[in-house]
Amino acid sequence: GLLSAHALSHNDVFKSKAVELANGLRPAFTSPLPCGHVNLYWGSARQDFAVNLAEIGTLQMELWYLSKITGNPFWNAYGEGVIQAL
């Protein structure tokens, strides 16, 4: 939602919130496929159920787009890691 809102409005508040959220999701990427549960408050992640491939694919595209709009290749690397794992 945040990246779509940014794409439609070009309002940088949506981009900054997307970066903030993505930073909070970093603990999910300790393995090639991201964990399905992230506690944003504690900064912890766990994989205690099956991985949803549709969710992972969508997340990967969002990371690519976030990398494009921020100019930070860091997010693209996460997206590429998911593709390599699949």
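Tutor: Let's start with a term: a polar contact is a pair of N or O atoms within 3.5 Å, and within protein one must be able to donate a hydrogen and the other to accept it. Keep in mind too that this model is predicted.

Student: Okay! At the start of H2, which residue's backbone nitrogen does a side-chain oxygen of Asn-11 reach?

Tutor: Helix H2 covers residues 12–24. The Asn-11 oxygen comes to within 3.0 Å of its partner, and the limit for a polar contact is 3.5 Å. The backbone nitrogen at the other end belongs to Val-13.

Student: How many Å does H2 reach from its first C-alpha to its last?

Tutor: H2 has 13 residues, and the expected span is 1.5 Å times one less than that number. That expectation comes to 18 Å, and the helix is close to it. From first C-alpha to last, H2 reaches 18 Å.

Student: How many salt bridges does a search of the whole structure find?

Tutor: Side chains of opposite charge can pair when their charged atoms come close. Here, Asp-12 pairs with Lys-15, and Lys-17 meets Glu-20. For the whole structure, the number of salt bridges is 2.

Student: How far apart are the closest N and O atoms of Asp-12 and Lys-15?

Tutor: Both residues lie in H2, 3 residues apart, which is about one turn of the helix. Asp-12 is partly exposed at 47% relative accessible area, and Lys-15 is partly exposed at 22%. A salt bridge needs its atoms within 4 Å, and the closest N and O atoms in this one are separated by 3.8 Å.

Student: Is Glu-20 buried or exposed?

Tutor: Glu-20 joins Lys-17 in a salt bridge at 3.4 Å, N to O, and about one helical turn of H2 separates the two. Lys-17 counts as partly exposed, with 41% relative accessibility. Exposed means over 50%, so Glu-20, at 51%, counts as exposed.

Student: What about Leu-21: which residues is it in contact with, leaving aside neighbours within four places in sequence?

Tutor: Leu-21 is found in H2 and is partly exposed, at 38% relative accessible area. One of its partners is 19 residues away along the chain, yet the two C-alpha atoms are separated by 9.4 Å. Leaving out the sequence neighbours, the contacts of Leu-21 are Leu-2 and Leu-40.

Student: Moving to the loop between H1 and H2, what phi does His-10 have?

Tutor: Most residues other than glycine have a negative phi. His-10 sits in the loop between H1 and H2 and is exposed, with a relative accessible area of 61%. Although His-10 is not a glycine, its phi is positive, at about 60°.

Student: And is His-6 buried or exposed?

Tutor: His-6 is in helix H1, residues 2–9. Among the residues it touches beyond four places in sequence are Phe-14, Tyr-65 and Ile-69. Buried means under 20%, so at 8% relative accessibility His-6 counts as buried.

Student: Which residues is Ser-67 in contact with, apart from neighbours within four places in sequence?

Tutor: Ser-67 is found in helix H3, which covers residues 53–70. With a relative accessible area of 9%, Ser-67 is buried. Setting aside those neighbours, its contacts are Asn-72, Pro-73, Trp-75 and Asn-76.

Student: There's a nonpolar patch too. Where does its largest share come from?

Tutor: The patch covers about 550 Å² of surface and is made by Val-51, Leu-53, Met-61, Trp-64, Ile-83 and Leu-86. Ile-83 lies in helix H4, residues 73–85, and is partly exposed at 36% relative accessible area. The largest share of the patch, 3 residues, comes from H3.

Student: How far apart in space are Phe-74 and Leu-63?

Tutor: Phe-74 has its place in H4 and is partly exposed, with a relative accessible area of 31%. Phe-74 and Leu-63 are 11 residues apart in sequence. C-alpha to C-alpha, their separation is 9.1 Å.

Student: Last one: what distance separates the C-alpha atoms of Thr-30 and Gly-81?

Tutor: Thr-30 is in the loop between H2 and strand S1, and at 67% relative accessibility it counts as exposed. Along the chain, Thr-30 and Gly-81 are 51 residues apart. In space, their C-alpha atoms are separated by 11 Å.

Methods
Residues numbered from 1 in each chain as written. Predicted model: local features only at pLDDT ≥ 70, side-chain atom pairs only at ≥ 80, totals over all residues. Heavy atoms only, no water. Helix = DSSP H or I, 4+ residues; strand = E, 2+ residues; numbered from the N terminus. Buried < 20%, exposed > 50% of the residue type's maximum accessible area, 1.4 Å probe, protein only. Contact = heavy atoms within 4.5 Å. Patch = residues over 30% accessible without salt bridge, like charges linked within 9 Å, V, L, I, M, F, W, Y side chains within 5 Å. Areas by Shrake-Rupley, 256 points an atom, 1.4 Å probe, with all protein chains shown as cover. Salt bridge = Lys/Arg side-chain N within 4 Å of Asp/Glu carboxyl O.
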